[in-house]
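Got the model open in your viewer? Let's take a walk through it, one selection at a time.

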Amino acid sequence: MIRVLIVDDHAIVRTGLAQLLGTTDDLELAGATGDGDEAVALAAELKPDVVLMDLSMPGTDGVTATARIVAQDPAAHVLVLTSFSDQARILDALQAGAEGYLLKHSEPEVILAGIREVVAGGSPLDPKAARVLLTNRRSPGPEFKLTGREQEVLDMVADGLPNKLIARRMGISERTVKAHLTNIYQRLGVTDRTQAALWVQRQRRAEQ
């Protein structure tokens with residue numbers, strides 16, 4: 001049985017999602033809240049298999065809550081379910097550690113399949129979110145500049161360090177390193193660490 005924690009500040013949405021889970025034989029409600037801080041606490045207390053996370057909430061938003069949940073439990077599965085499909089929110093959520101990004105207008109079957117998919121190790125993406133990521137990858141433009149942490153990760157990747165050692169040196173989880181890498185790959189327009197390392201080597205040669 002897959003246990004799901006629902007996080008959404010609209011009671012009617014929480015109720016609807018809880019009822020949707022009740023129509024299945026393999027999914028059940030572990031808990032529900034409309035508050036980001038409480039979501040972090042409940043995730044630690046209830047240990048749900050999946051946290052179904054909205055992004056727009058008063059106080060602690062979904063991106064911050066996602067990052068805190070993943071930081072306290074790197075094995076946590078967070079699936080974003082929101083109304084927003086803009087590039088910044090998608091990238092922020094995935095960088096925070098979310099494993100999938102679905103929109104609320106999705107068919108019920110898509111949402112249920114997405115919950116099962118993240119538990120199985122997949123990364124369900126709404127087609128709009130996938131297009132945003134592809135566009136960002138093809139056209140880095142003003143979003144190209146990496147953050148300081150991303151640059152640190154990229155430099156260590158270029159030096160041949162594995163994720164586990166990068167995580168230890170930076171004092172973060174391997175899950176967070178992977179999230180940084182996902183964002184780095186998208187911004188550089190590459191698909192794996194080898195291509196990213198080659199990109200750094202080319203940059204270093206150009207600067208010499």
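Start with helix α9: with five residues, α9 gives the most to the lining of the largest pocket. Keep in mind as you click around that this is a predicted model. The pocket itself has a volume of about 310 Å³. To find the middle of this pocket, select L94, A98, E99, S123 and T182, which are the closest to its centre of the 16 residues that line it.

Now stay on α9 and pick R175, which is found in that helix. Is R175 buried or exposed? R175 counts as buried because its relative accessibility is 14%, and the cut-off for buried is under 20%. Show its side chain and look at what it reaches. One partner is the backbone oxygen of G97, at 3.3 Å. Another is the backbone oxygen of P74, which lies 2.2 Å from a polar atom of the R175 side chain. Leaving aside neighbours within four places in sequence, the contacts of R175 include V70, A75, A76, H77, V78 and E99.

V70 takes us to the next stop, helix α3, residues 62-72. Colour G62, A65, T66, I69 and V70: these are the buried residues of the helix. They sit on the same side of α3, because they cover an arc of only 130° around the axis. What do the buried residues of α3 pack against? Select α2 (36-46), β3 (50-53), β4 (78-82), α4 (87-96) and α9 (174-188), and you have their packing partners. Before leaving, zoom in on the N-terminal end of α3, which is capped by D61. A side-chain oxygen of D61 lies 3.4 Å from the backbone nitrogen of V63.

I69 also leads to a hidden spot: along with A43, K47, P48, V51, Q72, D73 and A76, I69 lines the largest cavity. About 40 Å³ of space lies inside this cavity, and the structure holds two cavities of 30 Å³ or more.

Next, jump to helix α7, residues 148-158. Its buried residues are E150, V153, L154, M156, V157 and A158. Step just past the end of α7 to G160, where phi is positive, at about 90°.

Last, colour the model by pLDDT. The chain averages 88, and 93% of the residues score at least 70. Where does pLDDT stay under 50? Select residues 139-143 to see that stretch, for which the model has four contacts beyond four places in sequence.

How values were computed
Residues numbered from 1 in each chain as written. Predicted model: local features only at pLDDT ≥ 70, side-chain atom pairs only at ≥ 80, totals over all residues. Heavy atoms only, no water. Buried < 20%, exposed > 50% of the residue type's maximum accessible area, 1.4 Å probe, protein only. Helix = DSSP H or I, 4+ residues; strand = E, 2+ residues; numbered from the N terminus. Arc of directions from axis to C-beta. Contact = heavy atoms within 4.5 Å. Polar contact = N/O pair within 3.5 Å; in protein donor to acceptor, adjacent residues only side chain to side chain. pLDDT = per-residue confidence, 0-100. 1 Å grid on protein atoms, 1.4 Å probe; cavity = no way out; pocket = protein on both sides within 12 Å on 5 of 7 lines; lining within 4 Å. Points joined across faces, edges and corners; volume = space filled by probe spheres on them.
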